[in-house]
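Me: Please take me slowly through one part of this protein, starting from a single residue and working outward to whatever surrounds it. I am in my first year, so explain each term when you first use it.

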Amino acid sequence: MGGSPGAAFSKCDEFVKVSEINYHPPKFAASGDWFELYNHTNKTIDLSDHLVRNKNPYVTYKFPKNTQLAPGNRLVCVGDSTAFKTVNPSVTNYVALQGIEFSNGKDVIRIYSPKDTLIFSVAFDDHGSFTQKADGQGYSLELKDSADDFSDGKSWFSACMGGSPGTTPANCI
């Protein structure tokens, strides 16, 4: 992640993308907060010891050792594995980052290398151009395939009731 400080937005070559965000699950499907990573490269990505932070920079979650993400695969990162499995019993491609949670509105997901270098960041909100369906109504934010600016609400949509953790939204559209 290099960014383009002081210049117009330009696309970066990310090693992994946050492809789905469930930041405000409804009471009728209380899966806990979670997000999905997608490996769009042709190489397996080793996430071991990578760090995750939300808008609170003082709280860090670490990926367990031997966390691998094969090319074209997805990995759901869950804050409450018990709640997640209760709502999504068929999803097996997940990793517990126990306790990670997002505000029920504006927040951020930042992924850092094991040496604490920022390598991916996405900001999201429940206002502006972001879909309101993801704000406690049972949907998640799903990244459009062609999205370049991950923090632009127009790059996200809501397709599936309950989200599509671990798979593409095409399975419910």
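Reply:
**From V18 outward**

Leaving aside residues up to four places away in sequence, V18 touches F35, E36, L37, I109, I111, F120, V122, L143 and W156, where a contact means heavy atoms within 4.5 Å. The model is predicted, so local features need pLDDT of at least 70 and side-chain atom pairs count only at pLDDT 80 or more, whereas totals for chains, interfaces and linings use all residues. Residues are numbered from 1 along each chain as its sequence is written, and side-chain values use heavy atoms, with hydrogens and water left out.

The strand to look at is β1, residues 17-22, and six of its six residues are buried, which means that each has under 20% relative accessible area (exposed is over 50%, partly exposed lies in between, with a 1.4 Å probe and protein chains only). Strands here are DSSP runs of E with at least two residues, and they are numbered from the N terminus. Two strands pair if DSSP finds at least two bridges between them. On one hand, β1 runs antiparallel to β2, residues 34-38, and five bridges join them; V18 has L37 as its bridge partner in β2. On the other hand, two bridges join β1 to β11, residues 141-143, again in an antiparallel arrangement, and here I21 has L141 as its partner.

V18 and I21 return when we turn to the largest nonpolar core, which has 30 residues, and in which V18, I21, F35, L37, V52, F63 and I109 have the most contacts. Such a core is a set of buried Ala, Val, Leu, Ile, Met, Phe, Trp, Tyr and Cys residues joined through side-chain atoms within 4.5 Å. Two or more residues each come from β1, β2, β7 (74-78), β9, β10 and β11, and β10 gives the most, with four residues. Apart from this core lies another one, of five residues, including W34, V76, V78 and F84. As background, nonpolar side chains tend to be buried together in soluble globular proteins.

Two of these contributors, β9 and β10, also belong to an open sheet of four strands, which has the order β5-β4-β9-β10 and antiparallel pairing. Its edge strands are β5 and β10, each of which pairs on one side only. Within the sheet, three bridges join β4, residues 51-53, to β9, and L51 stands opposite Y112 in β9.

We can also follow β1 to an open space. The second largest pocket is lined by K17, S19, Y38, R74, E142, L143, K144, D145, F157, T168 and P169, and β1 and β11 are the elements that give two or more residues to this lining. A pocket is found on a 1 Å grid over the protein atoms alone, as an open set of points where a 1.4 Å probe fits, with protein on both sides within 12 Å along at least five of seven lines, and a lining residue has an atom within 4 Å of a point. About 190 Å³ of space lies in this pocket, a volume being the space filled by probe spheres set on the grid points, which are joined across faces, edges and corners. The lining has four nonpolar, two polar and five charged residues, where Asp, Glu, Lys and Arg count as charged, Ala, Val, Leu, Ile, Met, Phe, Trp, Tyr, Cys and Pro as nonpolar, and the others, Gly among them, as polar.
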